[in-house]
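Subject: Structure handover and findings

Dear colleague,

I am passing the structure on to you with this message, and my notes on what was found in it follow below. Please read them with the model open beside you.

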Amino acid sequence: DIYEIWERRPADYELEIHLLLMQIWQKLYRYVTRQPEQGQMSGGQLSRLREMVAYMEQHYNQEISLDDIAEHVNICKSECCRFFKKHMNMTCVEYVNNVRLEKAVELFEQGNTSILEVSLSVGFHNLSYFHRAFKSKYGMTPRSFIKELK
């Protein structure tokens, strides 16, 4: 819905997007504060997931292996993959790439126009892969994104 509103940009699009974001926050709050039911995460699992996410967000600009993440939360690599995918509906690699791409957008918005420098500074060491990932997530190349910012 947010994407559709952004594309149409009616007169009150900022308010509509703000309202939808607030609904998301409300649902997240309700989800986090409710008591675990059968099949939901326990406090220990939630803590482990938070540690995994924090680790990935702190080290996004470095090479992160699944072994590193698993070691950080003291579980085996295969359990790490299953656990993260089950609770986040994406793989660890997908999550790290999303963080990296969001950081790249921030750098572009701050005026950094060197695609290679931004790519390297957020942890993508293959420029072609960075272009493909960026285009897949944002529907445009980094160069097009920079041009739209101007």
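Among contacts in the protein chain between residues at least 6 apart in sequence, 47% join residues at least 24 apart. Please keep in mind throughout that this is a predicted model. The protein chain contains nine helices and zero strands, so that its pattern, read along the sequence, is α-α-α-α-α-α-α-α-α. The C-alpha trace spans about 50 × 40 × 20 Å along its principal axes, and of the 150 residues of the protein chain, 27% count as buried.

On helix packing, the pair I would point you to is helix α3 (residues 43-58) with helix α5 (residues 77-88), which pack with their axes 11 Å apart and at an angle of about 100°. Since angles of 65 to 115 degrees count as roughly perpendicular, α3 and α5 are therefore described as roughly perpendicular to each other. On the α3 side the contact is made by Q45, R48, L49, M52, V53 and M56, and on the α5 side by C80, F83, F84, H87 and M88.

Turning to charged side chains, the structure holds three salt bridges, which I take in sequence order.

The pair R8 and E4 forms a salt bridge in which the closest N and O atoms are 3.7 Å apart; both residues lie in helix α1 (residues 2-8), four residues apart, which is about one turn of the helix. R8 is partly exposed, with a relative accessible area of 49%, and E4 likewise counts as partly exposed, at 46% relative accessibility.

A salt bridge also joins the side chains of R82 and E79, at 3.2 Å from N to O, and here both residues belong to helix α5, three residues apart, or about one turn of the helix. R82 is exposed, with a relative accessible area of 51%, whereas E79, with a relative accessible area of 30%, is partly exposed.

The side chains of E102 and K137 meet in a salt bridge as well, at 3.9 Å from N to O. This pair links distant parts of the chain, with E102 in helix α6 and K137 in helix α8 (residues 127-138), 35 residues apart. Both ends are partly exposed: E102 has 41% relative accessibility, and K137 has 34%.

Finally, there is a residue that deserves a separate paragraph, namely R100, which is placed in helix α6 (residues 92-109). What is the nearest side chain of opposite charge to R100, and how far away is it? It is E63, at 7.6 Å, and R100 is buried yet has no salt bridge. Because a salt bridge requires a side-chain nitrogen of Lys or Arg within 4 Å of a carboxyl oxygen of Asp or Glu, the 7.6 Å separation of R100 and E63 does not qualify. A polar atom of the R100 side chain does, however, lie 2.5 Å from the backbone oxygen of Y60. Leaving aside its neighbours within four places in sequence, R100 is in contact with Y60, Q62, E63, I64, V122, G123 and F124, so E63 and Y60 both appear in that list of contacts.

When you go through the model, I suggest starting with the surroundings of R100 in helix α6, and then turning to the packing of α3 and α5.

With best regards

Terms used: Residues are numbered from 1 along each chain as its sequence is written. This is a predicted model: local features need pLDDT of at least 70, side-chain atom pairs count only at pLDDT 80 or more; totals for chains, interfaces and linings use all residues. Side-chain values use heavy atoms; hydrogens and water are left out. Helices (H or I, at least four residues) and strands (E, at least two) are DSSP runs, numbered from the N terminus. Buried means under 20% relative accessible area, exposed over 50%, partly exposed in between (1.4 Å probe, protein chains only). Lys and Arg count as positive and Asp and Glu as negative; His and the chain ends are not counted. A polar contact is a pair of N or O atoms within 3.5 Å; within protein, one must be able to donate a hydrogen and the other to accept it, and residues adjacent in sequence count only if both atoms are side-chain atoms. Contact means heavy atoms within 4.5 Å. Axes are lines fitted to C-alpha atoms, for helices over the stretch in contact, and angles run from 0 to 180 degrees between N-to-C directions. Angles under 35 degrees count as roughly parallel, over 145 as roughly antiparallel, 65 to 115 as roughly perpendicular and the rest as oblique.
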